[in-house]
Amino acid sequence: MFMFEKPLGMRDTLPSLYDTKKQVRERMTDAIGKWGFQFIETPTLEFYDTVGVQSAISEGKLFKLLDQQGHTLVLRPDMTAPIARVAASRFYQDDYPLRLAYDANVFRAQQREGGRPAEFEQIGTELIGDATTSGDAEVIALMIAVLKEAGLRDFKVAIGHIGFADALFKEILGNQERADVLRRFLYEKNYVGYREHVKALPLSSIDKGRLLQLLQLRGGEDKLALASELASSKEAKEAAAELEKLWLHLKDFGAAEYVKLDLNIVSHMSYYTGILFEVYAGNIGFPVGSGGRYNKLFERFNTPAPATGFGIRLDRLIESLGEEDKQPDIHCILYSGERRAEAITQAANLRGQGKRVTMQDITGVNDVDSYTKQFTDVSYFIGSRKGEQDE
């Protein structure tokens, strides 16, 4: 019964999509390399007690297994924690920042598929050892450059700050449990539920109004002034000031036109400590990519270091580009046995010009017309060799 089935959330990649992924991937990795980031690879399997525990992915989404020594392993659920492990143990020093990049598959178990694969490819970067807002701006500007290089045009980067909503909730609610309820509404983008819950809270009309005003802090640069006015605690004001500084840096990078403010962003990644962001494209409902600052993660590997980075979902990016069914340009040479040598020579010549060539013995094809429709060009080497017709 399992002959043609796949495990829940797993997908096959057929030739046309594989070719598209390869082309988009190469454009993205080339763009990252031009910014001086160096690529790194980590194992698919990691120890649960290190990467599994330190990852921000929930326990229920981890793929676990045992090795022969009885150690619990996990399929890597993200790339940030593995890179933090490598950098902390092998080559990060606090003398200067480190710029790393990756292209890897990650694994997260799904209870139901619903369009959410359990294995997907991420391409991203990590800037380690730079605590400045300039570092945040560089990572965001690089992500925008990578998306543009991949061919994406209709997209926006929503930028928020994990500290703003946290400080506002702490100030008004004074209770982490009550704050977590509101955070959940924001994470699920259930703004109707958020409003109804706020209205039912035993708070003054002023405090309810402030909580509801948070939902209005989405849009352009003008919303930064409103955020600063809404904030009263030191932590919230510092978060608003950091976002103002970030916006100025992004203008210097020429990236501000792709950015919008959204102080309602709440991530499921528990290690974020400051600025965070999500990328939305025009024709899909899920984020194409995301990232942010995580200044506490390296402490878990006994090497304190500030860090920020982003990850782009390749499957969602390709869906946004609308290139899933793009057919590759392949030249076909159909030949008969008498002219096999000529066909091989012609194929070698075309391949030498950088073209993709399929050779096919005509006796191996039942329906030539149907077969040749998949190719851009077709050449025929059929019948007797030239000069042999009159022999």
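## Exercises on a predicted model

K189 is partly exposed, as its relative accessible area is 34%. Keep in mind throughout that the model is predicted. Let's work through some exercises together.

**Exercise 1.** Find where K189 is located, and decide whether its phi is positive or negative.

*Solution.* Step one is to look between two helices: K189 belongs to the loop that runs between α6 (176–187) and α7 (191–200). Step two is the backbone angle: phi of K189 lies near 55°, a positive value in a residue other than glycine. Step three returns to the surface: a relative accessible area of 34% makes K189 partly exposed, because that class runs between 20% and 50%.

**Exercise 2.** Work out whether N302 is buried or exposed, and describe its surroundings in the chain.

*Solution.* Begin with the place: N302 sits in the loop between β11 (289–293) and β12 (307–313). Next, take its relative accessible area, which is 71%. Exposed means over 50%, so N302 is exposed. Finally, check the backbone: phi of N302 is near 60°, again a positive value in a residue other than glycine.

**Exercise 3.** Decide whether R210 is buried or exposed, and list its contacts beyond its neighbours within four places in sequence.

*Solution.* First, locate R210 in helix α8 (residues 205–213). Second, apply the cut-off: buried means under 20% relative accessible area, and R210 is at 15%, so R210 counts as buried. Third, collect the partners: with neighbours within four places in sequence set aside, R210 touches L168, E171, I172, L230 and S232.

**Exercise 4.** Describe the second largest pocket by its volume and its lining.

*Solution.* Start with the volume, about 520 Å³. Then turn to the lining, which has 22 residues. Those nearest the centre of the pocket are R11, L17, P117, D315 and R316. Now sort by element: α1 (15–34), β6 (119–128) and α11 (314–321) each give two or more residues to this lining. The largest share, five residues, is from α11.

**Exercise 5.** Sum up the whole chain: how many helices and strands are there, and what percentage of its residues is buried?

*Solution.* Count the elements first: the chain has 13 helices and 15 strands. Then take burial: of the 391 residues, 48% are buried. Look next at contacts between residues at least 6 apart in sequence: 70% of them join residues at least 24 apart. To finish, consider the surface: the chain exposes about 20200 Å², with carbon and sulfur atoms supplying 48% of that area.

Definitions and conventions
Residues are numbered from 1 along each chain as its sequence is written. This is a predicted model: local features need pLDDT of at least 70, side-chain atom pairs count only at pLDDT 80 or more; totals for chains, interfaces and linings use all residues. Side-chain values use heavy atoms; hydrogens and water are left out. Helices (H or I, at least four residues) and strands (E, at least two) are DSSP runs, numbered from the N terminus. Buried means under 20% relative accessible area, exposed over 50%, partly exposed in between (1.4 Å probe, protein chains only). Contact means heavy atoms within 4.5 Å. Accessible areas come from the Shrake-Rupley method with a 1.4 Å probe; for residues, only the protein chains shown count as cover. On a 1 Å grid over the protein atoms alone, a cavity is a set of points where a 1.4 Å probe fits but cannot get out, and a pocket is an open set with protein on both sides within 12 Å along at least five of seven lines; lining residues have an atom within 4 Å of a point. Grid points are joined across faces, edges and corners, and a volume is the space filled by probe spheres set on the points.
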